[in-house]
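I opened the structure to take notes on sheets, helix packing and chain contacts. The entries follow in the order of looking.

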Amino acid sequence: MGVEGCWIMAVREEATAIDGHNVSKIFGTGANSVAALDDVSVSIRQNEFFTLLGPSGCGKTTLLRLIAGFDTPTAGTILLEGNDISLLPPYSRPVNTVFQSYALFPHMTVAGNIAFGLEMLGKPKPEIDDTVERMLQLVQMEHLKSRRTSEISGGQQQRVALARALAPHPRVLLLDEPLSALDYKLRKEMQIELKRLQNETGITFVFVTHDQEEALTMSDRIAVMEHGKILQVGSPREIYDHPAERFVADFIGDSNFLTADLTSVSGSSAQLKLPSGKAMTASLPDGAFSKGPATIVIRPEHARLTRKKSGAAMSGTLENIVYIGTDTQYHLKLPEGTAFVVRSQNRRDAQEDYTIGDELGIEISANAVQVLRD
Amino acid sequence: MAEANLPTSRPPSGRPFSIRSQPGFATLAILCFVLLYAPLLPLVVYSFNAGDSLAYFEGLSWRWYVSAWDNKLVQDAAIRSLILAASASLFATILATMAALGTTRTRSYRGQTLIYALINQPLMVPEIVTAVALLIMFAAIKAATNYHGLAYLIIAHTAFCIPFAYLPIRARLEGMDLSLETAAADLYATPWQAFRRVTLPLMWPGILAGAMLAFVISLDDVVITEFVKSSGQDTLPTYMLGQLRRVITPEVNAISSVLLAISVVVVTIFFFLNRKMR
């Protein structure tokens with residue numbers, strides 16, 4: 001029907017799928033109002049796996065609901081492939097959603113659920129049957145097509161929800177924490193499955209999660225959100241290795257935060273002095289930086305312990321040793337009283353035997369120091 | 001130890017409190033069921049009495065069922081009761097469905113609880129009060145329009161049947177995930193299509209339950225009917241009430257037994273439908 005007709009347009013490489021311009025969403029009025037989204041601008045590319053990552057209440061689901069059309073923005077516009085969709089009802093947007101609760105229709109079969117969107121679009125019956133078959137194959141559910149949705153397992157419901165949302169071949173697929181109800185092993189499987197589906201269908205995926213590991217393993221790009229704002233957008237590697245803000249560094253992975261003294265700044269790198277007095281080179285995020293004190297982050301796995309304190313970047317007293325299977329975490333206290341964690345991979349050969357109370361040197365890998373915006 | 005001095009509210013066995021393990025529970029439960037069902041037994045038994053008495057049983061016979069069936073007054077009353085119950089439960093169910101949608105399928109708004117209370121007014125206001133109020137209002141309308149038809153009874157029954165239809169429908173809707181309609185809209189269903197294809201099929205068992213409950217309640221009503229009806233508009237219950245003022249024969253038992261059977265059948269049908277559609 002008309003819905004699809006208006007979306008036939010030349011799709012260029014690297015064109016944007018979703019453009020949010022200064023989008024705000026305010027719930028409530030007056031003194032009780034809460035800005036769930038605060039002047040957010042974001043650009044999501046065609047065919048990418050884009051993740052909105054943040055703690056609950058950060059606005060990630062609100063942004064997803066605005067793209068789906070379940071809510072309308074208080075201010076700003078949302079474009080889908082260049083067309084303003086901010087005020088369109090959900091049923092006029094070529095965008096489909098996989099709900100956290102799956103929201104499968106309990107009075108329909110698996111096949112009935114998958115066919116629903118196509119029927120609403122007024123597709124001819126043979127085409128619907130064809131697409132439903134293809135979708136069932138895609139999510140490996142052919143054998144359960146005539147079952148009621150209440151008669152299949154949670155993981156299978158998840159697949160049906162995916163197939164149902166993919167069947168009308170939306171321009172963008174929205175996924176609202178779809179894996180959170182699954183147990184650990186199934187979640188791992190579905191992560192790979194989702195990535196495969198995205199590759200096979202070539203549909204833009206916008207994925208909402210609070211799980212940093214999920215975000216890192218699946219995404220092409222991640223937007224880290226907090227308090228209704230997007231703090232940083234980048235590839236998983238950029239976000240992990242070069243967090244721009246303390247919140248981003250803290251939310252994703254483990255971090256050691258220290259205060260250092262910037263001695264010279266040039267472009268994206270800086271010279272600084274660690275509290276220990278040692279000079280290091282560090283990366284800078286975008287933004288204006290001047291000489292003086294700044295917060296830096298060092299990942300625990302980018303530091304190493306050594307018994308030779310003289311040449312090391314820092315030194316500290318070993319206070320605790322935590323064995324976590326693949327790794328061991330060493331908790332140290334630096335001379336100025338700051339805590340510092342070093343993580344080293346456990347090996348069968350040549351494992352150092354440190355004991356609590358040891359005075360140890362801390363070596364830091366090159367390029368491991370990242371300066372943060374305040 | 002200090003623990004030993006503490007008063008214990010739990011039984012010494014450590015099992016959680018269960019009313020079923022209390023002394024006398026079984027006796028009380030049996031007594032309640034006897035009170036509920038024992039009076040029905042002689043009613044049904046004496047409907048098959050071959051004699052004229054409600055005190056002496058003189059053998060089995062269909063006599064009073066045949067007599068009720070042949071009685072023109074009973075026939076009229078029965079047909080009137082069925083028409084009344086069918087139309088009142090139909091209208092009440094339609095209104096109750098709309099009310100239930102309006103009180104559950106929208107964002108919460110001011111005065112929602114008040115509306116909930118207002119819808120359930122017939123459950124809270126004594127029936128006799130409603131009966132007198134309707135009598136007065138309809139008397140004025142009858143005088144003004146000179147219309148004395150069945151519409152008054154249908155309106156009155158519709159009014160007091162609404163909460164009985166409303167409660168099961170509302171319960172059904174409240175147990176229904178709001179995101180189902182959102183999902184339908186997401187899958188290109190217009191609001192009307194979403195209602196037709198998702199909301200309505202899912203609330204259907206609730207609607208059926210409401211309609212059947214309303215039907216049984218209407219079929220059974222005496223007080224409001226007695227006050228509102230025009231002369232010659234007896235329903236089965238008011239006809240039976242009228243009979244009590246004269247000579248009581250087992251014919252009343254026969255009619256009661258039939259009404260009982262209808263109720264049991266309706267409730268049983270509902271029970272199985274509900275189980276199947278769950």
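What is the strand order of the open sheet in chain A? I worked on a predicted model. I read the order as 2-1-4-5, for 4 strands with antiparallel pairing.

Next I looked up the edges of this sheet. I found strand 2 (34-45) and strand 5 (83-84) of chain A there. Each has a single partner strand, so one side of each lacks a neighbour in the sheet. For strand 5 of chain A, I noted antiparallel pairing with strand 4 (residues 75-80) of chain A over 2 bridges. In that region A:Asn83 of strand 5 lies opposite A:Leu80.

I then turned to helix packing in chain B. For helix 8 (residues 127-145) and helix 9 (residues 151-174) of chain B, I got axes that come within 11 Å and cross at roughly 150 degrees. Angles over 145 degrees count as roughly antiparallel, and the two helices of chain B are therefore roughly antiparallel to each other. I logged their crossing as right-handed.

Which residues of helix 8 of chain B meet helix 9 of chain B? I listed B:Leu134, B:Phe138, B:Ile141, B:Lys142 and B:Thr145 from helix 8, against B:Tyr152, B:Ile155 and B:Ala156 from helix 9. By class, I counted 6 nonpolar, 1 polar and 1 charged in this contact.

Last, I checked the contact between the chains. Chain A contributes 27 residues and chain B 19. I noted a buried area of about 1900 Å², with 66% from carbon and sulfur atoms. On the chain B side, B:Asp186, B:Leu187 and B:Tyr188 lose the most area to chain A, together 40% of what that side buries.

Key:
Residues numbered from 1 in each chain as written. Chains lettered and ligands numbered in written order. Predicted model: local features only at pLDDT ≥ 70, side-chain atom pairs only at ≥ 80, totals over all residues. Heavy atoms only, no water. Axes fitted to C-alpha atoms, helices over the stretch in contact; angles between N-to-C directions. Parallel < 35°, antiparallel > 145°, perpendicular 65-115°, else oblique. Left-handed = near helix turned anticlockwise from the far one by under 90°. Contact = heavy atoms within 4.5 Å. Nonpolar A, V, L, I, M, F, W, Y, C, P; charged D, E, K, R; others polar. Pairing = 2+ DSSP bridges. Buried area = accessible area lost by both parts, 1.4 Å probe.
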